[in-house]
Amino acid sequence: MVVILVTFALVTRLLDDYPILPDGLRSIATAGGLEAESNLTSVFEKLTDVSQQHMPGYFLALFVWGKIAGWDPLLLRTFSVFFGILILALIFRLGRDFVSREAGIFSIVMLASLSFYNLWYLPVRMYTLFVATGLWLLWLYLRAVVHNRTSPRDYALLFLACALFLYSQIFSLAVGLGLALHHLFFNMLPAARAERNRYLTQGRRSSSVPPSGLVAANSRHCLLVAAAGALAGLTILPWLSTLLTGTAEIVGGEFGDIRVLSPVETATTILSLSMNASILFLGLLALSVRQVLKRDRTSITLWTILIVAIVFYAAVNWATGAIDLHRSRYFVVLFPLIILLLNVGLAQLNRWKLVSLGILLFWIASGLLYQRRVGADIFVRSYNTIPIHLVERHLRADLRPGDLLAGWSGGLSFEYRTPYGGIIDYYFSDEEIDIEIQHTYALQQLDDEEISATLAERFAGYKRIWLTYELDNTARFHKLYQDALALAHARCFRDRTLARVAIELYGRPGCD
């Protein structure tokens, strides 16, 4: 509870710090948040129109949440935060129930201090729902095959969790395929069933149940678990044609010219991001392999899912060219599995408590260092940009029709547009002003003379110009903008009330 409450407190402090992502704006629009009236039918219409590559589960859930809580981005982000916190509780239960009590505590601390995972509490996207439903499915599955839970309620919950997981995100197929192959090879095939029968017969607690009865019950149990998963898989058939259409568009080049990860880079990126970029933790993974050799059922399940999922990701990326480093978020569902395997390895060191504690502290330190060294903007571009929503809120009472809001940013490109409009349209729909916030990458392609000439021509038609920029991104461009403005405008004031950004007002001929 301490980990959950501290994490929740830290995350909620950031709920209003960043503008909405383009993908987040797409989520809001698809769920009906940009319309006066919306319903479930309109959600499906938008999905089939422009988002065929997505599963509908998250958008339907966001529609319900928006209708209940409201469509403000801060409230919509709390939906993602809820599932992000739920994931912490789920990984604790998985570690405690299937590895050891210490593994439950270590797992929740390690996931809470995993730098890459911490990026996904805030975007209005499906990734925390994706991971939460995946961990719930894994917990129910391990209860069924390791703890031998056989009630009708268990099968019903297994079906529900599998269906929700498959409908949360397209890459749920990676984990789903791993679970299916594990169940086939380690529970369904004759040799696997014979091994499981010996396990159950030797471990039976009551002599009132003969071995033959246990064997028959085991065969029926494995078939019912498989049936629950198969029925859940059948539920996606109505969406399959839409999904195939979206996949065909991706293969056709929707993602544009990106630096696609190779199969080897896919595997190394998954391992690096899941271990705070420290190669030393590979030793714990190696220790977990010892448990596989000892036929530990939890370790075998986790390793099977992980290997199949990595191969699936690599194959899909090879075929579609959809994943570069900026889209590493597609891998996020695998990171809790790797943390659980690390704790399987760490459990082998339980006799040396101080060593285990030292490893945990090193993990936390690695996470902090990795976050500082890499920076969130590599993976989520809006985290290192002008907080345009705060700028709009700050200037709302002072903006006049015909003003120009200009500036530059090294993060999110505000020129990016979705089929439902851009971020600028979303925040400045009530202001009759022009906005030109350039991305520094585009400006860097020009020399100083080209930039100065372009700015002077652009500024000439405005009486009042608001200049905004990040305080840590003033090299070169600040002087060029000031010189261009000084040709016909006078600076009226400079406002540094907002954190991280400055706002300057220039007027012509004066400041009235």
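User: Which residue in E5 is the bridge partner of Gly407, and how is such a pairing to be read?

Analyst: In strand E5, Gly407 has Thr468 as its bridge partner. In general, two strands are taken as paired if DSSP finds at least two bridges between them. Strands themselves are DSSP runs of type E with at least two residues, helices are runs of type H or I with at least four residues, and both are numbered from the N terminus. E1 and E5 meet this criterion with five bridges in the parallel sense. Please note that this is a predicted model, in which local features need pLDDT of at least 70 and side-chain atom pairs count only at pLDDT 80 or more, while totals for chains, interfaces and linings use all residues. Residues are numbered from 1 along each chain as its sequence is written, and side-chain values use heavy atoms, with hydrogens and water left out.

User: In what order do the five strands of the open sheet stand, and which strands are at its edges?

Analyst: The order is E4-E1-E5-E7-E6, with mixed pairing. Strand E4 (434-439) and strand E6 (490-495) are the edge strands; each has a single partner strand, so one side of each lacks a neighbour in the sheet. From one strand to the next, the twist averages 20°. Such angles run from 0 to 180 degrees between N-to-C directions, with axes fitted as lines to C-alpha atoms, for helices over the stretch in contact.

User: How should the individual pairs be followed across the sheet?

Analyst: One may walk along the order. E1 and E4 are parallel over six bridges, with Leu405 opposite Ile435 in E4. Beyond E1 and E5, the sense changes to antiparallel for E5 (residues 464-470) and E7 (residues 501-507), which share seven bridges. Within that pair, Leu467 faces Glu504 of E7, and Glu470 has Val501 as its bridge partner. Finally, E6 and E7 are antiparallel over five bridges, and Asp495 stands opposite Ile503 in E7.

User: Are the residues of E1 and E7 buried or exposed?

Analyst: Buried denotes under 20% relative accessible area, exposed over 50%, and partly exposed the range in between, using a 1.4 Å probe and protein chains only. Six of the six residues of E1 are buried. Leu404, Ala406 and Trp408 are on one side of E1, and Leu405, Gly407 and Ser409 on the other. Seven of the seven residues of E7 are also buried, so the rest of the structure largely encloses this strand. Val501, Ile503, Leu505 and Gly507 point one way, whereas Ala502, Glu504 and Tyr506 point the other.

User: Which helix lies across these strands?

Analyst: Helix H18 (residues 388-395) lies across E1 (404-409), E4, E5, E6 and E7, and runs at about 45° to E7. Contact here means heavy atoms within 4.5 Å. For the protein as a whole, among contacts with a separation of 6 or more, 80% join residues 24 or more positions apart.

User: Where do positive phi values occur outside glycine?

Analyst: Two cases may be inspected. Arg500 has phi near 75° and lies in the loop between E6 and E7, a hairpin with five residues between its strands. Its relative accessibility is 37%, so Arg500 counts as partly exposed. Arg295 has phi near 65° and belongs to the loop between helix H14 (282-293) and helix H15 (297-320). Arg295 counts as exposed because its relative accessibility is 58%.

User: Which residues make the nonpolar surface patch, and how is a patch delimited?

Analyst: Patch residues have over 30% relative accessible area and no salt bridge; like charges are joined within 9 Å, and nonpolar side chains (Val, Leu, Ile, Met, Phe, Trp, Tyr) within 5 Å. A salt bridge places a side-chain nitrogen of Lys or Arg within 4 Å of a carboxyl oxygen of Asp or Glu. Areas follow the Shrake-Rupley method with a 1.4 Å probe, and for residues only the protein chains shown count as cover. Here, Phe159, Leu160, Leu164, Leu231, Leu234, Leu237, Leu240 and Leu244 make a patch of about 700 Å². Helices H8 (152-166), H11 (211-234) and H12 (237-251) each supply at least two of its residues. Leu160, in H8, counts as partly exposed because its relative accessibility is 39%.
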